[in-house]
Amino acid sequence: MKRTLVNILIVAATVAIVFGLDKVVSRLQNDPSLHAGYPVRILMLALIAVIAAVSLNLVNGFTGQFSMGHAAFYGIGAYTGAALTVFAQKQLFGHILAIGEETGWWLSSGVLLLAMLVGGLAAALTGFVVGLPSLKLRGDYLAIMTVGFNMIVVVIANNLKEMGGAAGFNGVYVGDTLIGIPPLTTFFWVALVAIAVVVLSINLRRSVHGLAFESIREDEIAAEAMGIPTTRYKVTAFVLAAFIAGAAGALYVHFDLRVSPADIDFIVSINFVVMVVLGGLGSVSGAVIGAILLTVLPEALRMNGSYRLVIYSIMLIVLMLVRPQGIFGRDEIGRAWMLKQVQGTKTLPARISGWTASLFDRFAHRRLSS
Amino acid sequence: MNLSRTGKWMSVALPAVAAALLIAGCHGGATKSSGILIGEYGALSGDTATFGTSTDKGVRMAIDEVNSKGGVGGKKVQVKVYDDQGLPPQAKTVVTKLIEQDGAIAVLGEVASTNSMAAAPECQKSKVPMITPASTNVAVTKTGDYIFRTCFIDPFQGGVMASFATKSLHAKTAAVLTDVSQDYSKGLAAAFKNTFTRLGGKIVAEESYEKGAADYHAQLSSIQAAKPDVVFVPGYYNNVGAIGRTARSLGLTVPLLGGDGWDSDKLFEAAQGSLEGCYFSNHYSIENKDPRVQEFVAAYRKQNGGESPDAMAALAYDATKILIAAFDKAGSPADGDYSSEEYRAKLRDAIAATKDFKGVTGDITLGPDRDAIKPAVVLQIHGSERRFVATVNPKDIPL
């Protein structure tokens, strides 16, 4: 009873804090004299990437399956969500919105949640159809299946004339007026959904179902021998991840107010995979840090001009070289992790020398073993 | 030795470095520079990197020319370019950065219509004029009154080829073969039919196919039965090659005509010589003997180590020159602040008033829709070369 009360208080406090931050962010976003649109945009894109990466971690990290087509689900969510708020705009809002027209907080939030739900369900449904046959098999089939699936979705988007085809979708023209995608996504909802997905993931990991996911990753045959219905669990993880990615897509499209086949291409899927692997496969904290890093880093390096992509790639390579298990490995940030960090703390010079030594060791070891 | 320790150290260091860089990159918003800053965005890496790099070369050449003549109102013009990797969300991000952090007064870009359409709302919102040198999709300039384009839109080419067919090839009858799965193709076909009939010609056959079709015997047989003087095929190069081969194998020998969708070396491979002597329209030709074009080509080669300017470079050069001309026309701001909203509105009006600008891609006038009214060139296929045949002006096409 007491625990429930504490939980309710924590949730209420989180919502209140996010709501307060939302006021600050929307002020930054809407006042051009503050010149903050660019950092706010990167913040929003990073948070949306966090949602997508954490959802992919359910499949690639927890369950140990290798999905390489996550952008397809993201895209399905984005296209479905946008279709809903554009083609049914009159029914949802009562009239066609002018560009930049404000609607009430409750109405726009309600429509956004509906779009996320519809986008998520559409993605989950296709995830089920794609996942069921391929997840019955063991091995790398899923990787190939999902790559193919991603390509199919891009081809369909390219040929979806009603939604802009290759040029992308930002609404439909009726005569010369544009029925645009309404700007429903606020910092409040993005941050709240990101927090919710992270908490859900961490709790899932600690639950019986989470353990079942992880047992499949460790040894599928042993898991099956222990009586775990592996296919069912694999499909569950896959469909859940697809649902969350679809919702993230709906959030994205109502933030950027456009979507095109180029946004959901295979390369975007690879980017999601890199986020999860970089952070540490199987670590929720890792997926979060990976998503933020991969969104912020390319922008932060922009001042270096054409060397940007070189520096960026070298940073990724170095990180993977010194830490192949990803930034967090399978750990989560928490009390145990903190304690581990404090134990055996060395001075900075000692660390640098240790790091150099290990790099040498590593190369020498590679040389010998190959 | 202690791998996980060093890795941990790195894992803390990397995000910290990233955060520090980002904060450093923002450096407290736009600095009121006394110069004139033009923003440019394009794909300098990624799938369409050739578009972006050619555009950049064209822009830089125009800027260098202006600065060597003393700049605008005695001030040097600077250009800042960001790479969007050909990705629409990145295009939007970099344009936001150009406007907010760097204080760009005007923005040039992109080639791909998708990317232009992604960034245009940012320019419109901040009231910063944007000129796209090469996005031909009709929807791009519909975003708002600060968005301009200095190339022609897709359907114009239909009128160009109709006029060329009647006036230069003396065609009385024509057939049209449309790819009904492409807006591009349908737009060109409609414009062709309209102009051709107005010029006194007769459309004797209309056939269609869908993208990905493999066989065109049925359509081309009925076209042949109608005995047209020319056949207009406004498709993309990947279909047109097979159409050409099928037409010749059926004994249909009249010229086939097309738009810039034909412009690819792949077409010559697929057509296997069947399109010899056929014509298509394009933005510009390096072979055009007009001294304006030849001077530009010579100067470009000199600046870029002998490399010939492609259509993207020529279009970007013209777009930049139009922008510079607009700066001259708008005059220096009384308070010396080029970045003020009043000045940008003045600049917008000056761009909108562009009339008979002498560009290397022809005389350019901006119409009420902020789209360019300008000539197209007609090229003829000879082996694997495109030879310049004629320039078709908008006034040759009855509306």
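This note sets out points on the two sheets of chain B and on a surface patch of chain A in a predicted model.

1. The seven-stranded sheet. Chain B holds an open sheet of seven strands with mixed pairing, in the order β7-β6-β8-β9-β10-β14-β15. Its edges are formed by β7 (202–209) and β15 (385–392) of chain B; each has a single partner strand, so one side of each is left without a neighbour in the sheet. From one strand to the next, the twist averages 25°.

2. Pairing of β8 and β9. Within this part of chain B, strand β8 (residues 230–232) and strand β9 (residues 256–258) run parallel and are joined by two bridges. B:F232 has B:L257 in β9(B) as its bridge partner.

3. Helices on the seven-stranded sheet. Helix α5 (residues 156–167) of chain B packs on the sheet, where it touches β8, β9, β10 (279–282), β14 (376–382) and β15 of chain B. The direction of this helix makes about 135° with that of β10(B). Helix α6 (residues 183–198) of chain B also packs on the sheet, in contact with β6 (173–179), β7, β8 and β9 of chain B. For helix α6 of chain B, the angle with the direction of β6(B) is about 165°. Strands β8 and β9 of chain B are thus touched by helix α5 and by helix α6 of chain B.

4. The five-stranded sheet. Chain B also contains an open sheet of five strands, ordered β2-β1-β3-β4-β5, with parallel pairing. The strands at its edges are β2 (77–83) and β5 (147–149) of chain B, each of which pairs on one side only. Here the twist averages 25° from one strand to the next.

5. Pairing of β1 and β3, and the helix on this sheet. Three bridges connect the parallel strands β1 (residues 36–42) and β3 (residues 106–108) of chain B. Opposite B:I38 stands B:A106, in β3(B). Helix α2 (residues 49–68) of chain B packs on the sheet and touches β1, β2 and β3 of chain B. The direction of helix α2 makes about 170° with that of β2(B).

6. The surface patch of chain A. A:F19, A:W105 and A:W106 make a nonpolar surface patch of about 380 Å². A:W106 lies in helix α5 (residues 105–135) of chain A. With a relative accessible area of 72%, A:W106 is exposed. A patch residue must have over 30% relative accessible area, and A:W106, at 72%, therefore meets that cut-off.

Notes. Residues are numbered from 1 along each chain as its sequence is written. Chains are lettered from A and ligands numbered from 1 in the order in which they are written. This is a predicted model: local features need pLDDT of at least 70, side-chain atom pairs count only at pLDDT 80 or more; totals for chains, interfaces and linings use all residues. Side-chain values use heavy atoms; hydrogens and water are left out. Patches are made of residues with over 30% relative accessible area and no salt bridge: like charges are joined within 9 Å, nonpolar side chains (Val, Leu, Ile, Met, Phe, Trp, Tyr) within 5 Å. Accessible areas come from the Shrake-Rupley method with a 1.4 Å probe; for residues, only the protein chains shown count as cover. A salt bridge is a side-chain nitrogen of Lys or Arg within 4 Å of a carboxyl oxygen of Asp or Glu. Helices (H or I, at least four residues) and strands (E, at least two) are DSSP runs, numbered from the N terminus. Buried means under 20% relative accessible area, exposed over 50%, partly exposed in between (1.4 Å probe, protein chains only). Two strands pair if DSSP finds at least two bridges between them. Axes are lines fitted to C-alpha atoms, for helices over the stretch in contact, and angles run from 0 to 180 degrees between N-to-C directions. Contact means heavy atoms within 4.5 Å.
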